[in-house]
Amino acid sequence: MVRILISACLAGEPVRYNGADKRVEDEILARWRDEGRLVVVCPELAGGLGVPRPPSEIIGEGGGLAVLQGTAQVEDLHGRNVTPALVAGAHEALEMARRNNVGAAVLTDRSPSCGSTTIHDGTFGSGMKPGLMGVAAALLGSHGIAVFNEHSLAAADRFVRDLESK
Ligand code: SF4
């Protein structure tokens, strides 16, 4: 069975920076859960950060890929460099994916770790940078794992079914 890596906050775990979750109630997600398909991870906790924690954003150009390449960094609201934690968490998520036959990931968009189509712009305001990924999403994507988000569950479901039919 092809398994699906999912952001812990989407799965209902209260692991966001503010102690909240981002639970998604959806029949596709419920079916995946019943099938035993889900592999749950919070990359930021896996990297050693706690709950609650100050919010963090990627500073510099290029998003998560640039962080992995060492040309951008992640800072929290107080200016603390949390890059090592987010990079470590991304690698832990990748290891979990490899150990569990993961073919796709469904990650929380806009997060500096999990964002897949958009991330915050590094000013800790409301600005966004479309077209960029967070650190974990970028690492997973660059290792052949298709990354989806909470708005593309149906596409993720089709992708996984296609993988299994090959
Ligand atoms: Fe959710 Fe990902 Fe942020 Fe963890 S790192 S709280 S899983 S968005």
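In what pattern do strands and helices follow one another when the chain is read along the sequence?

**Figure 1. Overview of the whole chain in the predicted model.** Read along the sequence, the chain of this predicted model follows the pattern β-α-β-α-β-α-β-α-β-β-β-α-β-α, and its elements comprise 6 helices and 8 strands. The C-alpha trace spans about 45 × 30 × 25 Å along its principal axes. For 166 residues, a compact globule would have a radius of gyration near 15 Å, and the chain agrees with that expectation, since its own value is 15 Å. Of these 166 residues, 48% count as buried. Among the contacts between residues at least 6 apart in sequence, 64% join residues that are at least 24 apart.

**Figure 2. Close-up of helix α5 and its packing against helix α4.** Helix α5, which runs over residues 135–142, is mostly covered, with 6 of its 8 residues buried; these are Val135, Ala136, Ala137, Ala138, Leu139 and Leu140. The axes of α5 and of helix α4 (residues 83–99) come within 8 Å and cross at roughly 40°, which makes α4 oblique to α5. The crossing of these two helices is right-handed. On the side of α4, the residues in contact are Leu86, Val87, Ala90, His91, Ala93, Leu94 and Ala97, and they meet Val135, Ala136, Leu139 and Leu140 of α5. Sorted by class, the contact of α4 with α5 has 10 nonpolar residues, 1 polar residue and no charged residues. After α5 comes Gly144, a residue whose phi is positive, near 85°.

**Figure 3. Close-up of helices α1 and α6.** Helix α1 (residues 27–34) packs with helix α6 (residues 153–165) at an angle of about 40°, and their axes lie 9 Å apart. That angle makes α1 oblique to α6, and the crossing of the two is left-handed. From α1, the residues Ile28, Arg31 and Trp32 meet Leu153, Ala154, Ala156, Asp157 and Arg161 of α6. The residues of this contact divide into 5 nonpolar and 3 charged, with no polar ones.

**Figure 4. Close-up of Ala105 in strand β5.** Ala105 has its place in strand β5, which covers residues 102–107, and this alanine is buried, with a relative accessible area of 0%. Leaving aside residues up to four places away in sequence, Ala105 touches Leu5, Leu140, Ile145, Ala146, Val147 and Phe148. One of these partners, Leu140, is among the buried residues of α5. Ser165 stands 60 residues from Ala105 along the chain, and the C-alpha atoms of the two are separated by 18 Å.

**Figure 5. Close-ups of three loops with notable backbone angles, around Pro52, Arg110 and Phe124.** In the loop between α2 (43–46) and β3 (56–59) lies Pro52, which is joined to Val51 by a cis peptide bond with omega of about -5°. Arg110, in the loop between β5 and β6 (118–120), has a positive phi of about 80° although it is not a glycine. This arginine is partly exposed, with a relative accessible area of 45%. Phe124, which lies in the loop between β6 and β7 (128–130), is likewise not a glycine and has a positive phi of about 60°. The relative accessible area of Phe124 is 26%, so this phenylalanine is partly exposed.

Definitions and conventions
Residues numbered from 1 in each chain as written. Predicted model: local features only at pLDDT ≥ 70, side-chain atom pairs only at ≥ 80, totals over all residues. Heavy atoms only, no water. Axes fitted to C-alpha atoms, helices over the stretch in contact; angles between N-to-C directions. Helix = DSSP H or I, 4+ residues; strand = E, 2+ residues; numbered from the N terminus. Parallel < 35°, antiparallel > 145°, perpendicular 65-115°, else oblique. Left-handed = near helix turned anticlockwise from the far one by under 90°. Contact = heavy atoms within 4.5 Å. Nonpolar A, V, L, I, M, F, W, Y, C, P; charged D, E, K, R; others polar. Rg over C-alpha atoms; globule rule 2.2 N^0.38 Å. Buried < 20%, exposed > 50% of the residue type's maximum accessible area, 1.4 Å probe, protein only.
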